[in-house]
Amino acid sequence: MTAHRYLQLDVFAPRPGTGNPLGVVFDADALSPGAMQALAAWLNLSETVFFVAPTAPGADYHIRIFTPTSELPFAGHPSVGAAWAAVTGGLAVPRNGALLQQCAAGLLPVRVEGPHTAPTIHLASPTARRCEVDPGALPASLHALGGPAQTAELWDNGPRWWLLAARDAAAVRGLRPDMGELRDWTNATEATGVAIYAPEHADGHDLVVRAFCPGDAVNVPEDPVTGSANALIASVLAQRHQLPGRDGHCIASQGREVGRDGRVHLYVDDAGVAWIGGQVQPVIDGTVHW
(Lines give C-alpha, C1' and ligand atoms only; values in the text may rest on other atoms or scores of the structure.)
Protein backbone atom coordinates (compact mmCIF):
# COMPACT_ATOMS: atom_id res chain seq x y z
CA MET A 1 0.00 0.00 0.00
CA THR A 2 1.36 3.44 -0.97
CA ALA A 3 0.21 6.98 -0.19
CA HIS A 4 -0.76 9.38 -2.99
CA ARG A 5 -2.05 12.93 -3.02
CA TYR A 6 -5.71 12.82 -4.00
CA LEU A 7 -8.01 15.53 -5.33
CA GLN A 8 -11.70 15.41 -6.06
CA LEU A 9 -12.67 18.08 -8.54
CA ASP A 10 -15.92 19.39 -9.99
CA VAL A 11 -15.39 19.88 -13.72
CA PHE A 12 -17.36 22.21 -16.02
CA ALA A 13 -18.70 23.76 -12.82
CA PRO A 14 -19.39 27.48 -12.35
CA ARG A 15 -19.52 26.70 -8.61
CA PRO A 16 -18.98 23.55 -6.52
CA GLY A 17 -21.69 20.93 -6.94
CA THR A 18 -22.82 21.95 -10.41
CA GLY A 19 -20.49 19.93 -12.66
CA ASN A 20 -19.12 16.40 -13.03
CA PRO A 21 -17.00 14.94 -10.19
CA LEU A 22 -13.51 13.63 -10.99
CA GLY A 23 -11.00 11.72 -8.87
CA VAL A 24 -7.32 12.65 -9.39
CA VAL A 25 -4.46 10.47 -8.10
CA PHE A 26 -0.92 11.91 -8.24
CA ASP A 27 2.39 10.02 -8.53
CA ALA A 28 0.71 6.78 -9.58
CA ASP A 29 3.71 5.05 -11.22
CA ALA A 30 3.89 2.56 -8.34
CA LEU A 31 0.33 1.41 -9.02
CA SER A 32 -0.27 -1.41 -11.49
CA PRO A 33 -3.09 -1.06 -14.02
CA GLY A 34 -5.04 -3.56 -11.95
CA ALA A 35 -4.57 -1.46 -8.83
CA MET A 36 -5.67 1.67 -10.69
CA GLN A 37 -8.78 -0.12 -11.92
CA ALA A 38 -9.57 -1.42 -8.44
CA LEU A 39 -9.22 2.05 -6.90
CA ALA A 40 -11.41 3.60 -9.60
CA ALA A 41 -14.04 0.93 -8.89
CA TRP A 42 -13.83 1.59 -5.15
CA LEU A 43 -14.13 5.37 -5.56
CA ASN A 44 -17.15 4.71 -7.81
CA LEU A 45 -16.91 8.02 -9.64
CA SER A 46 -17.68 8.09 -13.35
CA GLU A 47 -13.92 8.57 -13.99
CA THR A 48 -10.67 8.74 -12.05
CA VAL A 49 -7.37 9.92 -13.57
CA PHE A 50 -3.92 8.76 -12.55
CA PHE A 51 -0.78 10.81 -13.21
CA VAL A 52 2.15 8.70 -14.39
CA ALA A 53 5.52 9.63 -15.90
CA PRO A 54 5.36 10.95 -19.49
CA THR A 55 6.76 8.62 -22.14
CA ALA A 56 6.05 10.60 -25.32
CA PRO A 57 8.47 13.31 -26.51
CA GLY A 58 7.08 16.75 -25.80
CA ALA A 59 4.44 15.62 -23.29
CA ASP A 60 4.11 17.87 -20.25
CA TYR A 61 2.23 15.25 -18.24
CA HIS A 62 0.68 11.83 -18.75
CA ILE A 63 -2.64 10.50 -17.48
CA ARG A 64 -4.51 7.23 -17.52
CA ILE A 65 -8.29 7.41 -17.31
CA PHE A 66 -10.40 4.73 -15.61
CA THR A 67 -14.12 4.28 -15.11
CA PRO A 68 -15.23 1.84 -12.39
CA THR A 69 -15.07 -0.96 -14.97
CA SER A 70 -12.58 -0.07 -17.73
CA GLU A 71 -9.77 2.18 -18.98
CA LEU A 72 -10.62 4.89 -21.55
CA PRO A 73 -8.35 6.29 -24.27
CA PHE A 74 -9.93 9.74 -23.89
CA ALA A 75 -12.72 11.42 -21.97
CA GLY A 76 -13.55 15.10 -21.79
CA HIS A 77 -14.11 16.04 -18.18
CA PRO A 78 -11.16 13.89 -16.94
CA SER A 79 -8.85 15.58 -19.46
CA VAL A 80 -9.95 19.11 -18.57
CA GLY A 81 -9.75 18.31 -14.85
CA ALA A 82 -6.33 16.69 -15.22
CA ALA A 83 -4.93 19.75 -16.99
CA TRP A 84 -6.24 21.96 -14.18
CA ALA A 85 -4.65 19.64 -11.59
CA ALA A 86 -1.33 19.52 -13.49
CA VAL A 87 -1.09 23.33 -13.50
CA THR A 88 -2.31 24.02 -9.96
CA GLY A 89 -0.32 21.06 -8.58
CA GLY A 90 2.92 22.24 -10.14
CA LEU A 91 3.35 19.24 -12.43
CA ALA A 92 3.38 21.33 -15.60
CA VAL A 93 4.18 24.96 -16.40
CA PRO A 94 2.45 26.31 -19.52
CA ARG A 95 4.65 27.73 -22.26
CA ASN A 96 2.89 30.81 -23.65
CA GLY A 97 -0.33 29.36 -22.27
CA ALA A 98 0.14 25.95 -23.94
CA LEU A 99 0.65 22.37 -22.72
CA LEU A 100 0.62 18.89 -24.26
CA GLN A 101 -1.32 16.15 -22.51
CA GLN A 102 -0.37 12.52 -23.06
CA CYS A 103 -3.14 9.93 -22.80
CA ALA A 104 -3.97 6.71 -24.58
CA ALA A 105 -5.54 8.72 -27.42
CA GLY A 106 -2.21 10.47 -28.08
CA LEU A 107 -0.87 13.97 -27.46
CA LEU A 108 -3.61 16.56 -27.01
CA PRO A 109 -2.95 20.32 -27.02
CA VAL A 110 -4.12 22.30 -23.99
CA ARG A 111 -4.63 26.06 -23.66
CA VAL A 112 -4.37 27.60 -20.19
CA GLU A 113 -5.75 31.03 -19.31
CA GLY A 114 -5.77 32.97 -16.06
CA PRO A 115 -3.72 32.59 -12.87
CA HIS A 116 -1.99 29.28 -12.15
CA THR A 117 -3.98 29.00 -8.91
CA ALA A 118 -7.32 29.07 -10.74
CA PRO A 119 -6.76 28.51 -14.45
CA THR A 120 -9.40 28.08 -17.13
CA ILE A 121 -8.63 25.10 -19.34
CA HIS A 122 -9.38 24.43 -23.02
CA LEU A 123 -8.33 21.11 -24.51
CA ALA A 124 -8.35 19.89 -28.13
CA SER A 125 -10.37 16.71 -28.43
CA PRO A 126 -9.31 13.86 -30.73
CA THR A 127 -10.63 13.97 -34.27
CA ALA A 128 -14.33 13.21 -34.66
CA ARG A 129 -14.87 10.15 -36.89
CA ARG A 130 -18.21 9.05 -38.31
CA CYS A 131 -18.88 5.33 -37.79
CA GLU A 132 -20.87 3.69 -40.55
CA VAL A 133 -23.11 1.68 -38.24
CA ASP A 134 -26.80 1.08 -38.84
CA PRO A 135 -28.68 2.29 -35.75
CA GLY A 136 -31.46 -0.19 -36.35
CA ALA A 137 -34.75 0.53 -34.63
CA LEU A 138 -34.50 3.66 -32.50
CA PRO A 139 -35.63 3.08 -28.89
CA ALA A 140 -39.29 4.03 -28.63
CA SER A 141 -38.75 6.52 -25.83
CA LEU A 142 -36.54 8.63 -28.15
CA HIS A 143 -39.35 9.08 -30.66
CA ALA A 144 -40.69 11.90 -28.50
CA LEU A 145 -37.71 14.03 -29.50
CA GLY A 146 -39.22 14.57 -32.94
CA GLY A 147 -35.97 15.81 -34.47
CA PRO A 148 -35.22 16.23 -38.18
CA ALA A 149 -35.74 12.83 -39.82
CA GLN A 150 -35.04 11.16 -36.45
CA THR A 151 -31.60 10.14 -37.75
CA ALA A 152 -29.14 8.86 -35.17
CA GLU A 153 -25.46 8.97 -36.17
CA LEU A 154 -22.62 7.17 -34.39
CA TRP A 155 -19.48 9.28 -33.91
CA ASP A 156 -16.16 8.42 -32.27
CA ASN A 157 -13.46 10.56 -30.61
CA GLY A 158 -12.30 7.85 -28.20
CA PRO A 159 -15.75 7.09 -26.77
CA ARG A 160 -18.47 6.30 -29.33
CA TRP A 161 -21.66 8.33 -28.98
CA TRP A 162 -24.91 8.14 -30.87
CA LEU A 163 -25.87 11.76 -31.64
CA LEU A 164 -29.50 12.67 -32.06
CA ALA A 165 -30.89 16.16 -32.74
CA ALA A 166 -34.19 17.06 -31.09
CA ARG A 167 -36.85 19.34 -32.51
CA ASP A 168 -36.28 21.91 -29.74
CA ALA A 169 -34.79 22.43 -26.27
CA ALA A 170 -38.06 21.62 -24.52
CA ALA A 171 -38.01 18.12 -26.04
CA VAL A 172 -34.46 17.60 -24.71
CA ARG A 173 -35.21 18.87 -21.22
CA GLY A 174 -38.51 17.01 -20.95
CA LEU A 175 -37.28 13.62 -22.15
CA ARG A 176 -37.80 10.71 -19.75
CA PRO A 177 -36.15 7.80 -21.58
CA ASP A 178 -36.50 4.11 -20.86
CA MET A 179 -33.00 3.33 -19.57
CA GLY A 180 -33.41 -0.39 -20.25
CA GLU A 181 -34.12 0.34 -23.92
CA LEU A 182 -31.14 2.66 -24.16
CA ARG A 183 -28.87 0.12 -22.46
CA ASP A 184 -29.86 -2.66 -24.84
CA TRP A 185 -29.55 -0.42 -27.91
CA THR A 186 -26.18 1.08 -27.06
CA ASN A 187 -24.76 -2.30 -25.97
CA ALA A 188 -25.96 -3.93 -29.19
CA THR A 189 -24.28 -1.21 -31.28
CA GLU A 190 -21.10 -1.10 -29.12
CA ALA A 191 -21.66 2.56 -28.24
CA THR A 192 -20.78 4.40 -25.05
CA GLY A 193 -24.20 6.00 -25.03
CA VAL A 194 -26.51 8.45 -26.76
CA ALA A 195 -26.32 12.26 -26.63
CA ILE A 196 -29.30 14.43 -27.56
CA TYR A 197 -29.17 18.14 -28.23
CA ALA A 198 -30.93 21.25 -29.52
CA PRO A 199 -30.22 24.99 -29.74
CA GLU A 200 -31.25 26.97 -26.66
CA HIS A 201 -30.30 30.64 -26.49
CA ALA A 202 -30.94 31.38 -22.83
CA ASP A 203 -29.17 32.10 -19.55
CA GLY A 204 -25.77 32.54 -21.16
CA HIS A 205 -25.72 29.35 -23.23
CA ASP A 206 -26.42 28.41 -26.84
CA LEU A 207 -27.03 24.67 -26.74
CA VAL A 208 -28.71 22.17 -24.43
CA VAL A 209 -27.26 18.64 -24.22
CA ARG A 210 -28.11 15.45 -22.34
CA ALA A 211 -26.08 12.23 -22.47
CA PHE A 212 -27.26 8.77 -21.44
CA CYS A 213 -24.92 5.80 -20.93
CA PRO A 214 -26.82 3.13 -18.91
CA GLY A 215 -24.94 0.28 -20.60
CA ASP A 216 -21.50 1.79 -19.98
CA ALA A 217 -22.04 3.28 -16.50
CA VAL A 218 -24.79 1.41 -14.70
CA ASN A 219 -24.64 3.63 -11.60
CA VAL A 220 -24.67 6.88 -13.63
CA PRO A 221 -27.19 6.23 -16.43
CA GLU A 222 -27.39 9.95 -17.24
CA ASP A 223 -23.99 11.63 -17.25
CA PRO A 224 -24.05 15.05 -15.53
CA VAL A 225 -21.70 16.85 -17.97
CA THR A 226 -19.96 15.12 -20.87
CA GLY A 227 -16.92 16.64 -22.60
CA SER A 228 -16.45 14.00 -25.28
CA ALA A 229 -20.09 14.05 -26.42
CA ASN A 230 -20.17 17.85 -26.47
CA ALA A 231 -17.00 17.90 -28.56
CA LEU A 232 -18.56 15.52 -31.09
CA ILE A 233 -21.76 17.57 -31.26
CA ALA A 234 -19.76 20.76 -31.82
CA SER A 235 -17.69 19.09 -34.55
CA VAL A 236 -20.73 17.78 -36.41
CA LEU A 237 -22.67 21.06 -36.16
CA ALA A 238 -19.65 23.05 -37.32
CA GLN A 239 -19.18 20.76 -40.32
CA ARG A 240 -22.81 21.44 -41.26
CA HIS A 241 -22.60 25.19 -40.54
CA GLN A 242 -25.20 24.81 -37.78
CA LEU A 243 -23.13 25.54 -34.67
CA PRO A 244 -24.97 28.11 -32.53
CA GLY A 245 -23.10 30.93 -30.85
CA ARG A 246 -20.61 33.16 -32.67
CA ASP A 247 -17.34 32.74 -34.55
CA GLY A 248 -17.02 29.02 -33.79
CA HIS A 249 -17.64 29.57 -30.06
CA CYS A 250 -20.59 27.99 -28.25
CA ILE A 251 -21.58 27.29 -24.63
CA ALA A 252 -23.52 24.11 -23.84
CA SER A 253 -25.76 23.63 -20.82
CA GLN A 254 -25.91 20.12 -19.39
CA GLY A 255 -26.92 18.53 -16.10
CA ARG A 256 -29.95 20.44 -14.86
CA GLU A 257 -32.15 17.37 -15.19
CA VAL A 258 -29.94 15.54 -12.66
CA GLY A 259 -29.53 18.44 -10.25
CA ARG A 260 -26.39 20.02 -11.76
CA ASP A 261 -25.80 23.07 -13.95
CA GLY A 262 -22.68 22.35 -16.00
CA ARG A 263 -21.35 24.68 -18.68
CA VAL A 264 -19.08 23.39 -21.43
CA HIS A 265 -17.25 26.02 -23.46
CA LEU A 266 -16.89 24.78 -27.04
CA TYR A 267 -14.78 26.14 -29.87
CA VAL A 268 -14.22 24.69 -33.33
CA ASP A 269 -11.14 26.20 -34.95
CA ASP A 270 -10.43 26.81 -38.63
CA ALA A 271 -8.87 23.34 -38.93
CA GLY A 272 -12.08 21.74 -37.65
CA VAL A 273 -10.63 20.78 -34.26
CA ALA A 274 -13.14 20.90 -31.41
CA TRP A 275 -11.85 22.41 -28.15
CA ILE A 276 -13.64 21.81 -24.86
CA GLY A 277 -13.18 23.83 -21.72
CA GLY A 278 -14.67 25.42 -18.68
CA GLN A 279 -14.23 26.08 -14.99
CA VAL A 280 -12.95 23.55 -12.46
CA GLN A 281 -13.71 23.68 -8.73
CA PRO A 282 -11.58 21.88 -6.12
CA VAL A 283 -13.73 20.09 -3.56
CA ILE A 284 -11.49 17.56 -1.74
CA ASP A 285 -7.72 17.69 -1.21
CA GLY A 286 -6.18 14.84 0.76
CA THR A 287 -4.30 11.54 0.64
CA VAL A 288 -5.36 8.14 -0.63
CA HIS A 289 -3.68 4.95 0.58
CA TRP A 290 -3.85 2.05 -1.91
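This is a short talk about one helix, some aromatic rings and a pocket in a structure.

Okay, hi everyone. Before we start, keep in mind that what you see above is a predicted model.

Let's begin with helix α1, which covers residues 33-43. Which of its residues are buried? They are A35, M36, Q37, L39, A40 and L43. If you're new to helices, here's a handy thing: an α-helix has 3.6 residues a turn, so residues three or four places apart point the same way. Keep that in mind as you look at the list of buried residues.

And what covers them? Quite a list of strands: the cover includes β1 (3-11), β2 (20-25), β3 (48-52), β4 (61-66), β5 (71-72) and β18 (280-289). Right after α1 comes N44, and its phi is positive, near 60 degrees.

Now, aromatic rings. How many aromatic pairs are there? The count comes to five. Let me show you two of them.

Take F26 and F51. Their ring centres are 5.2 Å apart and the planes sit at 20 degrees; under 30 degrees counts as stacked, so that's what we call this pair. F26 is in the loop between β2 and α1, while F51 is in strand β3, so to speak a link between distant parts of the chain, 25 residues apart. Both of these residues are buried. They also have company, since F26, F51 and Y61 form one aromatic cluster. On top of that, the charged end of R5 sits over the ring of F26, 5.1 Å from its centre.

The other pair takes us back to our helix. W42 lies in α1 and W290 in the segment after β18, so this pair ties together parts that are 248 residues apart in sequence. The ring centres here are 5.9 Å apart with planes at 45 degrees, so the pair is tilted. Are these two buried or exposed? W42 has 59% relative accessibility and counts as exposed, and W290, at 29%, counts as partly exposed.

One more ring before we move on: R111 lies over the face of W275, at 4.4 Å from the ring centre.

Last stop, the second largest pocket. It holds about 150 Å³ of space. There are 13 lining residues, and the closest to the centre are T127, A128, S235, G272 and V273. Which element gives the largest share of the lining? That's helix α5, residues 227-239, with four residues. By class, the lining has eight nonpolar residues, five polar ones and no charged ones.

That's it from me, thanks!

Note on methods:
Residues are numbered from 1 along each chain as its sequence is written. This is a predicted model: local features need pLDDT of at least 70, side-chain atom pairs count only at pLDDT 80 or more; totals for chains, interfaces and linings use all residues. Side-chain values use heavy atoms; hydrogens and water are left out. On a 1 Å grid over the protein atoms alone, a cavity is a set of points where a 1.4 Å probe fits but cannot get out, and a pocket is an open set with protein on both sides within 12 Å along at least five of seven lines; lining residues have an atom within 4 Å of a point. Grid points are joined across faces, edges and corners, and a volume is the space filled by probe spheres set on the points. Helices (H or I, at least four residues) and strands (E, at least two) are DSSP runs, numbered from the N terminus. Ala, Val, Leu, Ile, Met, Phe, Trp, Tyr, Cys and Pro count as nonpolar, Asp, Glu, Lys and Arg as charged, and the others, Gly among them, as polar. Buried means under 20% relative accessible area, exposed over 50%, partly exposed in between (1.4 Å probe, protein chains only). Contact means heavy atoms within 4.5 Å. Rings of Phe, Tyr and Trp (its six-membered ring) pair if their centres lie within 6.5 Å; planes under 30 degrees apart count as stacked, over 60 as edge-to-face and the rest as tilted. A charge sits over a ring if NZ of Lys or CZ of Arg is within 6 Å of the ring centre and within 35 degrees of the ring normal.
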